[in-house]
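Q: I'm new to this structure and would like to learn how to read its helices. Could we go through them together?

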Amino acid sequence: MGWLFVFLAAVSEMVGVVGLKLYSQNKTIRNGSIYIGGLGAAFAFLYASFNYLQVSIAYSVWIGMGTAGAVLLNMVFFGESKNAARIVSLIAIVIGVTGLKSLS
């Protein structure tokens, strides 16, 4: 159950980051709601995951998944650079989070 909460927290974070991007471009109630709602839900799901997982593991996995997902979404939907260095950095995030979980 804890990993489900971490996954939902990461997805919610990605929604919040997309909302933040949209809100920075066009300050509407809809975009603000996506931004605040996404990040609010992310923190709620992360908090719920702490009942099942160690805080250090849940937090680092949430940050890694959310960061990698947000970067990928921005590359795909907002035209951010897709150069090799960025891709390698994303892979490093995934390897780092996986290693952290594996060694805990």
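Q: Is the crossing in which α2 passes α3 left-handed or right-handed?

A: Happy to help, and keep in mind that this is a predicted model. Here α2 goes past α3 in a right-handed crossing. Helix α2 covers residues 29–49 and helix α3 residues 55–77; they pack at an angle of about 150°, with axes 9 Å apart. Angles over 145 degrees count as roughly antiparallel, so α2 is roughly antiparallel to α3.

Q: Which residues make the contact?

A: From α2 come Ala42, Phe43, Leu46 and Ser49, while α3 brings Ala58, Tyr59 and Trp62. Sorted by type, the residues of this contact are six nonpolar, one polar and no charged.

Q: How many Å should the residues of α3 span?

A: Allow 1.5 Å a residue: the 23 residues of α3 should then span 33 Å. The end C-alpha atoms of α3 lie 32 Å apart, which agrees.

Q: What do the buried residues of α3 pack against?

A: Their partners are α1 (2–25), α2 and α4 (84–102). Among the buried residues of α3 are Ile57, Val61, Trp62, Gly66, Asn74 and Met75.

Q: Why does Asn74 count as buried?

A: Buried means under 20% relative accessible area, and Asn74 counts as buried because its relative accessibility is 10%. Asn74 has its place in helix α3. Leaving aside neighbours within four places in sequence, Asn74 is in contact with Val17, Lys21, Gly79 and Glu80. One of these, Gly79, follows α3 and has a positive phi, near 70°.

Terms used. Residues numbered from 1 in each chain as written. Predicted model: local features only at pLDDT ≥ 70, side-chain atom pairs only at ≥ 80, totals over all residues. Heavy atoms only, no water. Axes fitted to C-alpha atoms, helices over the stretch in contact; angles between N-to-C directions. Helix = DSSP H or I, 4+ residues; strand = E, 2+ residues; numbered from the N terminus. Parallel < 35°, antiparallel > 145°, perpendicular 65-115°, else oblique. Left-handed = near helix turned anticlockwise from the far one by under 90°. Contact = heavy atoms within 4.5 Å. Nonpolar A, V, L, I, M, F, W, Y, C, P; charged D, E, K, R; others polar. Expected span 1.5 Å × (residues − 1). Buried < 20%, exposed > 50% of the residue type's maximum accessible area, 1.4 Å probe, protein only.
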